[in-house]
Amino acid sequence: MDRAQLLLVGLPLFLFCSDVLHLFTAPPSKPAAHHHHHHHRHQSDPQPLIKQQQPSLEFPTQKASGIGFGNTVSIDFCASCSYRGTAVTMKNMLESQFPGINVVLANYPPPLPKRMLSKLVPVVQFGVIAIIAGGEQIFPRLGFAAPPQWYYSLRANRFGSMASTWLLGNFLQSFLQSSGAFEVYYNGDLVFSKLKESRFPGEIELKELIGRRISNSQVIDGLSGGHWA
């Protein structure tokens with residue numbers, strides 16, 4: 001038994017010491033060859049470095065010459081209504097039609113009363129489930145001599161009542177968190193409103209709305225520039 005214990009203790013110590021020795025031993029002599037190869041590469045590649053610097057000078061001029069440069073389109077949509085896919089599609093379309101335009105996607109929150117009620121729904125939801133699970137102990141502590149009649153009707157189908165409470169609470173919470181909005185703004189001005197039109201904008205329709213605004217802004221800028229000139 002003593003030899004077995006020494007073997008069990010000594011073997012991990014031996015492995016630990018071998019790992020420590022491997023950590024502090026010098027690595028094989030590869031850095032010299034790597035350094036020589038790096039030095040040779042440094043001497044033979046001066047020209048590719050100069051070629052890589054030239055294309056980067058063209059990027060600012062390409063961005064500044066885009067038809068939509070300097071304009072911002074904001075799409076505020078209902079995130080809980082699964083409108084994100086439509087918003088991303090509109091964003092890609094506008095960026096391809098008007099190069100340089102800045103398209104920002106954001107959530108359009110519901111009104112404050114609906115947001116407050118949506119936070120209250122989970123509390124009521126878990127409270128009803130707790131009452132269904134342990135109402136016989138809860139009602140006496142609340143001052144009731146006996147549970148009310150509706151408790152026994154819920155208690156008769158305990159799991160069905162809990163599932164119905166959970167599903168109904170989730171549906172009510174999603175309804176309160178949804179705004180149904182898909183609002184499009186051009187430089188802060190409202191261009192299209194789903195809340196007013198009760199529909200989504202078409203891609204061609206939105207392209208024409210934004211294109212008209214961009215052309216009007218370019219005409220105004222040209223007139224102001226000619227006036228000052």
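These exercises work through the fold, salt bridges and helix α6 of a predicted model.

**Exercise 1. Describe the overall make-up of the chain.**

Step 1. Take the secondary structure. The chain has ten helices and four strands.

Step 2. Read the order from the N terminus. The elements run α-α-α-α-β-α-β-α-α-α-β-β-α-α.

Step 3. Turn to burial. Of the 229 residues in the chain, 21% are buried.

Step 4. Look at the surface. The accessible area of the chain is about 16,800 Å². Carbon and sulfur atoms account for 64% of that area.

Step 5. Check the contacts. Take those between residues at least 6 apart in sequence; 67% of them join residues at least 24 apart.

**Exercise 2. Find the salt bridges and place their partners.**

Step 1. Recall the principle. Side chains of opposite charge can pair when their charged atoms come close.

Step 2. Apply the cut-off. A side-chain nitrogen of Lys or Arg must lie within 4 Å of a carboxyl oxygen of Asp or Glu. The structure holds two such pairs.

Step 3. Take Lys91 and Glu95. Their closest N and O atoms are 2.8 Å apart. Both residues sit in helix α5, which covers residues 84–97. They are four residues apart, about one turn of the helix.

Step 4. Take Arg199 and Glu205. Here the closest N and O atoms are 3.0 Å apart.

Step 5. Assign exposure. Partly exposed covers the range between under 20% and over 50% relative accessible area. Glu95 has 32%, so Glu95 is partly exposed. Glu205 has 27% and is therefore also partly exposed. Arg199, at 35%, is partly exposed too.

**Exercise 3. Is Ser118 buried or exposed, and what surrounds this residue?**

Step 1. Locate Ser118. This residue lies in helix α6, residues 112–141.

Step 2. Compare with the cut-off. Buried means under 20% relative accessible area. Ser118 has 5%, so Ser118 is buried.

Step 3. Look for a polar partner. A polar atom of the Ser118 side chain lies 2.6 Å from the backbone oxygen of Arg115.

Step 4. List the neighbours. Leaving out residues up to four places away in sequence, Ser118 touches Gln173, Leu176 and Gln177.

**Exercise 4. Which residues form a nonpolar surface patch with Leu117?**

Step 1. Place Leu117. Leu117 is in helix α6.

Step 2. Test its exposure. A patch residue needs over 30% relative accessible area. Leu117 has 44%, so Leu117 passes and counts as partly exposed.

Step 3. Name the partners. Leu120, Val123 and Val124 join Leu117 in the patch. Together the four have about 370 Å² of accessible area.

Notes
Residues numbered from 1 in each chain as written. Predicted model: local features only at pLDDT ≥ 70, side-chain atom pairs only at ≥ 80, totals over all residues. Heavy atoms only, no water. Helix = DSSP H or I, 4+ residues; strand = E, 2+ residues; numbered from the N terminus. Buried < 20%, exposed > 50% of the residue type's maximum accessible area, 1.4 Å probe, protein only. Polar contact = N/O pair within 3.5 Å; in protein donor to acceptor, adjacent residues only side chain to side chain. Contact = heavy atoms within 4.5 Å. Patch = residues over 30% accessible without salt bridge, like charges linked within 9 Å, V, L, I, M, F, W, Y side chains within 5 Å. Areas by Shrake-Rupley, 256 points an atom, 1.4 Å probe, with all protein chains shown as cover.
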